[in-house]
Amino acid sequence: MTRIHAATQSDVARAAGVSRSLVSLALSGSPKVAVRTRERIEQVAASLGYRVNVSASSLARQRSTIIGLVLPNLRNAFFEQIAACLGRAAARRGLTLFVTVGSDQSEVLHRSIESLLGVRVAGIVFVSPWLPGEDLLAIGEEVPVCVIGRRSPGGRVDSVRVDEEAAARLIVDHLAALSMRTVCYIGPRMTDEASRRDREYSLARAAKAAGMDFEVRSCDEDAGPATRAALDDHPEALGLVIHNDVLAIDAVPVLRESPRTLGDDVALASYDNTYLAMREEFALTSVDQPEDLLGERAVELLCRRAEIMPDDEPEADAGTGTEARSIVLTPELVTRASSLGR
């Protein structure tokens with residue numbers, strides 16, 4: 001006799017092209033899901049013959065000592081540093097960090113999330129997630145969630161991030177002091193890269209306040225072509241601001257080939273202040289994000305949301321109750337030869 005496979009929420013999610021958490025929220029009748037989205041999910045569930053598994057739902061709610069971490073990729077040294085800081089912060093509380101890697105591909109990212117939900121983690125930390133706010137809200141209804149490097153979409157999703165407005169002012173003020181006339185921001189070509197949009201808007205406002213022209217260019221995994229095009233199009237003193245240190249490294253050989261002089265008619269700045277920025281061959285001026293503090297605060301918020309925070313540990317001043325808690329940290333600009341010249 002052929003055994004019929006009972007449809008699961010994961011099956012419904014794959015068929016509907018959404019996350020399993022969003023399926024869970026929609027099928028529970030939550031008003032937080034858009035009506036059209038809920039109706040589409042219900043139709044897909046019905047067509048697959050999905051039935052609620054009460055025992056599985058009960059098992060998933062058991063207490064865990066595992067914290068999940070979803071990184072966008074392993075190419076960025078900043079993600080590596082954040083993972084190490086989160087691991088230390090978790091270990092101090094007797095917790096284990098379980099790391100998985102998503103991507104800019106929705107299906108791959110959802111599988112990463114599914115793997116964490118499958119081992120019944122106590123909570124999930126997302127670093128600069130490529131997820132719509134609706135999906136994050138849905139996951140937050142199922143398990144405690146904290147995002148690093150992105151604003152919270154609300155709900156039960158907490159966040160820890162650096163003050164992007166303050167970081168943009170530090171960079172633009174530095175470029176203005178070097179007599180740069182135009183600020184050109186080069187960011188990753190992502191359709192839903194929330195951190196890019198926040199960074200772009202903050203830089204645009206800071207440039208306007210400083211009376212400087214501002215433009216945006218997109219790049220793929222190599223920022224070199226966009227850097228070269230910006231130099232060709234702007235003969236005036238140009239301040240290049242690149243989304244992170246990894247991409248900024250691509251601009252270094254382009255600037256070396258250029259007849260321009262660093263600190264005179266061109267200056268380069270980036271974000272994250274990783275060990276790559278500190279290397280002498282790159283010497284990047286970069287916004288420092290305090291990784292230890294980002295990791296510590298993220299684990300603290302997650303533990304409090306999961307109700308596993310020790311009673312004697314002080315609570316961060318970041319909101320109360322079930323509302324989203326947000327912690328915004330102060331950045332620092334570390335200046336080096338990429339903007340000052342040698």
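This section describes two sheets, one cavity and one pocket of a predicted model. In this predicted model, local features need pLDDT of at least 70 and side-chain atom pairs count only at pLDDT 80 or more, whereas totals for chains, interfaces and linings use all residues. Residues are numbered from 1 along each chain as its sequence is written, and side-chain values use heavy atoms, with hydrogens and water left out.

One open sheet has six strands in the order 2-1-3-4-5-11, with parallel pairing. Helices (H or I, at least four residues) and strands (E, at least two) are DSSP runs, numbered from the N terminus; two strands pair if DSSP finds at least two bridges between them. The edges are formed by strand 2 (96-101) and strand 11 (326-329), each of which has a single partner strand, so one side of each lacks a neighbour in the sheet. From one strand to the next the twist averages 15°; axes are lines fitted to C-alpha atoms, for helices over the stretch in contact, and angles run from 0 to 180 degrees between N-to-C directions. Within this sheet, four bridges pair strand 3 (residues 123-127) with strand 4 (residues 145-148) in the parallel sense, and Val125 is opposite Cys146 of strand 4. Helix 13 (residues 291-305) packs on the sheet, where it touches strand 1 (66-71), strand 3, strand 4, strand 5 and strand 11 (contact means heavy atoms within 4.5 Å). The direction of helix 13 makes about 170° with that of strand 5.

Another open sheet of six strands follows the order 7-6-8-9-10-12, and its pairing is mixed. Strand 7 (213-219) and strand 12 (332-334) are at the edges with a single partner strand each, so one side of each has no neighbour in the sheet. Here the twist averages 25° from one strand to the next. Strand 6 (residues 182-188) and strand 8 (residues 238-242) run parallel and are joined by five bridges; Thr182 lies opposite Leu238 in strand 8.

The structure contains one cavity of 30 Å³ or more. On a 1 Å grid over the protein atoms alone, a cavity is a set of points where a 1.4 Å probe fits but cannot get out, a pocket is an open set with protein on both sides within 12 Å along at least five of seven lines, and lining residues have an atom within 4 Å of a point. Grid points are joined across faces, edges and corners, and a volume is the space filled by probe spheres set on the points. The largest cavity holds about 40 Å³ and is lined by Val70, Pro72, Ser103, Leu109, Phe126, Val127, Pro129 and Trp130.

The second largest pocket holds about 600 Å³. Among its 33 lining residues, Asn73, Trp130, Pro188, His243 and Asn244 are the closest to its centre. Helix 9 contributes the most to this lining, with three residues.
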